[in-house]
Amino acid sequence: MWSVNDQALVIPLWADLIAVGLGGIQGALFAGGFRGDRRLDLLGVAIIGIVMGMGGGLIRDLLLGVPPATLQSNWYLLTATGAALIGMLLAGVFHRLNAVIVGLDAVVIGLFGAFGTSKALIVGLPIVPAIFVGVCAAVGGGILRDVIMGLPVAIMHVGSLYAVAAGAGCVVLAGANALGAPLVAASIAAIAVTTVIRLLAVIFDISLPEQRALHRRKVAVETAAIPIVKL
Amino acid sequence: MWSVNDQALVIPLWADLIAVGLGGIQGALFAGGFRGDRRLDLLGVAIIGIVMGMGGGLIRDLLLGVPPATLQSNWYLLTATGAALIGMLLAGVFHRLNAVIVGLDAVVIGLFGAFGTSKALIVGLPIVPAIFVGVCAAVGGGILRDVIMGLPVAIMHVGSLYAVAAGAGCVVLAGANALGAPLVAASIAAIAVTTVIRLLAVIFDISLPEQRALHRRKVAVETAAIPIVKL
Amino acid sequence: MWSVNDQALVIPLWADLIAVGLGGIQGALFAGGFRGDRRLDLLGVAIIGIVMGMGGGLIRDLLLGVPPATLQSNWYLLTATGAALIGMLLAGVFHRLNAVIVGLDAVVIGLFGAFGTSKALIVGLPIVPAIFVGVCAAVGGGILRDVIMGLPVAIMHVGSLYAVAAGAGCVVLAGANALGAPLVAASIAAIAVTTVIRLLAVIFDISLPEQRALHRRKVAVETAAIPIVKL
């Protein structure tokens, strides 16, 4: 059985909480973008913040078959809801700092992916499923959010190399670890790889060939309904 | 590892089965409300009954990382499907007893919430995640139902203090337990608090400020498509 | 705690991988049927292949409260994605072999159902939940696929005895096992029962009474949007 203390040695609580908090802020900014009939109340914003901040970790731990780490301490829920409320209050400020949001988002995917693959390797999973778990942790919060909100699951239709960026980082981590690199160093490299690929994809508007038409359509929809997140 | 016997000491099987059976009846009444193209057959009604009766407990146990208690005995599935079939056969009677249905619904939320938070505390979760697990257990069956039916997740758009009522009960339970009250007494108080808040919300049509417009719209939709549940 | 070696004694890896591979091919054929705006890219096809090939096993293990077997070896993910890519490349060939596809689909439901109920019985579940877990394993991949794709969950509206066929096989397995038959023999009988019922349902276009109108409508939709799978 996986003990919480073992994990604390690998993923420090503060790092985990930073990822959760950034996820919560993003959730609030996303939720705040709904207008009119679909407008969310305080409770809805908090739920989306929790889903975005803690969903990836929950999916990771379900796949690993270990009790969810995010429920073993009071701090995760307090951080996610606190971040969601701050995100809602400061939505105006954050929307003027779009470059910061996109940058943070890229780091968050990297963090969730690296933590997911690290934990999977520690629990003893082989390399391929360990990478899979990392990608699920990185994109899982967004999938849960879309399902609960009744939106098309973004990752299926508009990748923008989102999952690919997460996957590349997880591959780097698992590969470096297999070659003997310590997990912490491999994780830092993985976070950097994911962040850079994601940022380059946003800056140069890169996508897989068949996604382009969809992406253009999605951006138009987002412009109308959701706060635009562009660099 | 959590043993089923430990839990039986806290949540008697008959209490658990009452909650499951009431959930199953509600599921059947909900499913029976679909007309025309979306009409559900016998199998569909049974599935919704199982989802509503057992979904909350399944989500609770997944979050706790313990084997689902509802699958450790034959009685849960037999009760949920039996209740769904009874609900379908007696739909006419139940619809004339709307006040009873709403009252039972309020008690069911209270039961699932109290059982969820109790089990979380026994498993050793801190107070905040224990409350969270209770709320998820109370509203989880309804979320699963909406996702499987392809409906907007009701809790996100029309709260009617549904989740808040569940949360208040769970807070009372966890708080009373932290102050030294025995779990059984704290659970009874929690069920009472949730039930009363939920009933008051229905009677006085209270909702969070931003939910009001949505609520009015939803009621109109429900009037057309789903059996109206009003006191 | 359930050990992976115990399971290997009952479900040989090659049998498990055949089921996963067939599921992956089906996922690719399903995904390849989307045209125009909803067209999926390479990544989307691989995701649907993984969901269809591994989703049933994941749901089974979550319900049993054991670590997902499909993530304990590299082979499952490699098989599912490989099969999805082969399915995409050979879509033209497969579509001319529709009878083969329908036949394989029927066998796959039988395999997932039998493996699900077997594993549940080995883990120690009573007979009713063991049958339930088998049915969830058989139809779970399709439900996950529909939720992620934002489609109506097929099993709820157009059964075509799909779940009933799976359930009949699981009942045969659990019943034969309860009467003293060895698990392997009972499993083979169960797979045969499910396959035959499913094939008869497709050949004679049988469905539960209330599903008929819906079924006709669905077929029309499928004809327009999705590769028709007919014998």
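**Cysteines, helices and a shared core in a predicted model**

Counting over all chains turns up zero disulfides. The model is a predicted one, and the cysteines in it are a handy place to start. Why is A:C136 too far from the closest cysteine sulfur for a bond? That closest sulfur belongs to A:C170 and sits 9.4 Å away, whereas a disulfide needs the two sulfur atoms within 2.5 Å, so no bond is counted here. The chain B pair tells a similar story: B:C170 takes part in no disulfide, and its nearest cysteine sulfur, the one in B:C136, is 9.4 Å off. As for surroundings, A:C136 is buried because its relative accessible area is 18%, under the 20% cut-off. B:C170 is buried too, with a relative accessibility of 1%.

Before going further, a word on confidence. For the complex, the predictor reports an ipTM of 0.82 and a pTM of 0.84. In chain A the average pLDDT is 81, and 80% of the residues reach at least 70. Residues 1–9 of chain A, though, have a pLDDT below 50, and that stretch makes 13 contacts in the model beyond near neighbours in sequence. Another such stretch is residues 209–231 of chain A, where pLDDT stays under 50 and the model shows 41 contacts beyond four places in sequence. Predicted coordinates should not be read in detail where pLDDT is low, so the contacts of these two stretches call for some caution.

What is chain A built from, helices or strands? The chain has 11 helices and zero strands, and reading along its sequence gives the pattern α-α-α-α-α-α-α-α-α-α-α. Of its 231 residues, 54% count as buried. Among the contacts in chain A with a separation of 6 or more, 76% join residues 24 or more positions apart. The accessible surface of chain A is about 9,300 Å², and carbon and sulfur atoms make up 72% of that area.

The UniProt record, an unreviewed entry, adds some annotation. Under "transmembrane region" it lists residues 12–30, 42–63, 75–94, 99–115, 121–144, 151–176 and 182–208 of chain A. Two of these spans can be set beside the model. Residues 99–115 of chain A are 100% helix and 0% strand, with their end C-alpha atoms 24 Å apart. Residues 121–144 of chain A come out at 88% helix and 0% strand, and here the end C-alpha atoms lie 24 Å apart.

Next comes the inside of the complex. The largest nonpolar core holds 160 residues, and A:L71, B:L71 and C:L71 have the most contacts inside it. Helix 7 of chain B, residues 127–149, supplies the largest share of this core, with 11 residues. Which residues does A:L71 touch, leaving aside its neighbours within four places in sequence? In chain A, the partners are A:M54, A:L58 and A:L77. Across in chain B, A:L71 meets B:L63, B:L125, B:P126, B:P129, B:F132 and B:V133.

A few single residues help fill in the picture. A:A84 belongs to helix 4 of chain A, residues 74–89, and is buried at 0% relative accessibility. Beyond four places in sequence, the contacts of A:A84 are A:G24, A:I25, A:A28, A:V45, A:A46 and A:G49. A:G56 is 28 residues from A:A84 in sequence, and the C-alpha atoms of the two are 16 Å apart in space.

Helix 2 of chain A, residues 13–32, is home to A:Q26. Is A:Q26 buried or exposed? With a relative accessible area of 16%, A:Q26 is buried. Leaving out neighbours within four places in sequence, A:Q26 is in contact with A:M52, A:D105 and A:V108.

Over in chain C, C:D16 lies in helix 2, residues 13–32. C:D16 counts as buried, at 5% relative accessibility. Along the chain, C:D16 and C:I131 are 115 residues apart, while their C-alpha atoms are separated by 19 Å.

Definitions and conventions. Residues are numbered from 1 along each chain as its sequence is written. Chains are lettered from A and ligands numbered from 1 in the order in which they are written. This is a predicted model: local features need pLDDT of at least 70, side-chain atom pairs count only at pLDDT 80 or more; totals for chains, interfaces and linings use all residues. Side-chain values use heavy atoms; hydrogens and water are left out. A nonpolar core is a set of buried Ala, Val, Leu, Ile, Met, Phe, Trp, Tyr and Cys residues joined through side-chain atoms within 4.5 Å. Buried means under 20% relative accessible area, exposed over 50%, partly exposed in between (1.4 Å probe, protein chains only). Helices (H or I, at least four residues) and strands (E, at least two) are DSSP runs, numbered from the N terminus. Contact means heavy atoms within 4.5 Å. Accessible areas come from the Shrake-Rupley method with a 1.4 Å probe; for residues, only the protein chains shown count as cover. UniProt positions are given in the numbering used here, feature names are shortened, and annotations may be inferred rather than shown by experiment. pLDDT is the predictor's confidence in each residue, from 0 to 100.
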